[in-house]
Amino acid sequence: MRIEIPRAHPRYQSLMIREKLVEGFEKGLVVPQGLIAHGRGECFDYIIGEKTIEPALKAMRAAAAALLLAKHPVVSVNGNVAALVPEEVVRLAKASNAKIEVNLFYRTEERVKRIAEVLKLHGAEEVLGVDDATATIPELFSERRKVSPRGIYVADVVLVALEDGDRTEALRKMGKTVIAIDLNPLSRTSLAASITIVDNVVRALPKLTEFVEEMKNEPRGYLEEVLKGYSNAKVISEVLDYINRRLRELSERIHEKVWSPGEP
Ligand code: PTJ
């Protein structure tokens, strides 16, 4: 059942994101497990205040530098990403000269094709991982091991969102730089990635594209310095400090009855 959500609803944005996923599910882009994964993300988003926090901006700056320095950058797309941000995927790929590849945990050829169609409808010229997922990521046993020999297999930088820990670890073992977008700072993906953006993919992709566009004309030396100065462990620890501080503040404000949901 679908309902009309009034714009004035205090949880309008969040409910609209849900609707997009349900629509994606009905169109055969998203798997039921993707709806559960989204619920987990929503919970972390609520805790960080449903906004892009400072440590995520730091990670995006490093991610933009990594994408611009890369020889073969690839944006990996799964069902949830295709349902939520197809246009933003294409914009980021164009801005950073990256290839787009469909890579699914619950892979079926039918769903791969549907996702590729949606990306093409939103302006993608080429989508890898459809008929050409003939290479294999070593030591990975899920369907995500199947990759394109022109895409993820040879990529030096791979951007993943809502990813599983096994593939992130396997890609790192292959020597790739992995940029992860994941609202859970404690997930195996977040901890295994080279650069972790703890933010909702809906906010993170457009913001990351802005960083790429802003930094595009910087000299390579500058981009290398940005990457050299980046520590993912430090950034994840800053996210946890942020959550800790925010929960303490909220605890005090709720105790004094000066906070209600939706306020910063
Ligand atoms: O489309 P498929 O077949 O590739 O399957 C995709 C899912 C999402 C089902 C699969 O990758 C999966 O099961 O993912 P996990 O292991 O549940 O991990 C999802 C992670 O993404 C969790 O850490 C969530 O907190 C996080 N997450 C959920 N929604 C968002 C998010 N992170 C950023 N933005 C979101 N909107």
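A polar contact is a pair of N or O atoms within 3.5 Å. The model analysed here is predicted. In this model, an oxygen atom of the ligand lies 2.8 Å from an N or O atom in the side chain of Asp182. That distance falls within the 3.5 Å cut-off, so the pair counts as a polar contact.

Two further contacts involve nitrogen atoms of the ligand. A polar side-chain atom of Asn200 is placed 2.9 Å from a ligand nitrogen. Val201 takes part through its backbone: one of its polar backbone atoms is 2.9 Å from a nitrogen atom of the ligand. Taken alone, the ligand exposes 750 Å², and the protein buries 94% of that area.

The shell around the ligand holds 21 residues. Arg40, Phe105, Tyr106, Arg111 and Asp182 come nearest. Asp182 is also the residue whose side chain makes the 2.8 Å approach to a ligand oxygen. By class, the shell has 7 nonpolar, 8 polar and 6 charged residues. Helix H2 gives the largest share of the shell, 6 residues.

The ligand sits in the largest pocket of the model. This pocket encloses about 1,100 Å³ of space. Its lining comprises 50 residues, of which Ala37, His38, Arg40, Gly41 and Leu162 are the closest to the centre. Arg40 is also listed among the residues that come nearest to the ligand.

Several helices build this lining. At least two residues each come from H1 (12-26), H2 (32-48), H4 (79-84), H8 (188-192) and H9 (201-215). H2 supplies the largest share, 11 residues. H2 likewise gives the largest share of the ligand shell. The lining of the largest pocket is made up of 19 nonpolar, 16 polar and 15 charged residues.

The second largest pocket has a volume of about 270 Å³. It is lined by 16 residues, and Lys27, Ala82, Ala83, Pro86 and His122 are the closest to its centre. Two or more lining residues come from each of H1, H4, helix H5 (86-96) and helix H6 (109-121). H1 and H4 also contribute at least two residues each to the lining of the largest pocket. By class, the second largest pocket is lined by 8 nonpolar, 2 polar and 6 charged residues.

Notes
Residues are numbered from 1 along each chain as its sequence is written. This is a predicted model: local features need pLDDT of at least 70, side-chain atom pairs count only at pLDDT 80 or more; totals for chains, interfaces and linings use all residues. Side-chain values use heavy atoms; hydrogens and water are left out. On a 1 Å grid over the protein atoms alone, a cavity is a set of points where a 1.4 Å probe fits but cannot get out, and a pocket is an open set with protein on both sides within 12 Å along at least five of seven lines; lining residues have an atom within 4 Å of a point. Grid points are joined across faces, edges and corners, and a volume is the space filled by probe spheres set on the points. Helices (H or I, at least four residues) and strands (E, at least two) are DSSP runs, numbered from the N terminus. Ala, Val, Leu, Ile, Met, Phe, Trp, Tyr, Cys and Pro count as nonpolar, Asp, Glu, Lys and Arg as charged, and the others, Gly among them, as polar. A residue is near a molecule or strand if one of its heavy atoms lies within 4 Å of it. A polar contact is a pair of N or O atoms within 3.5 Å; within protein, one must be able to donate a hydrogen and the other to accept it, and residues adjacent in sequence count only if both atoms are side-chain atoms. Accessible areas come from the Shrake-Rupley method with a 1.4 Å probe; for residues, only the protein chains shown count as cover. A molecule sits in a cavity or pocket if more than half of its atoms lie within 2 Å of its grid points.
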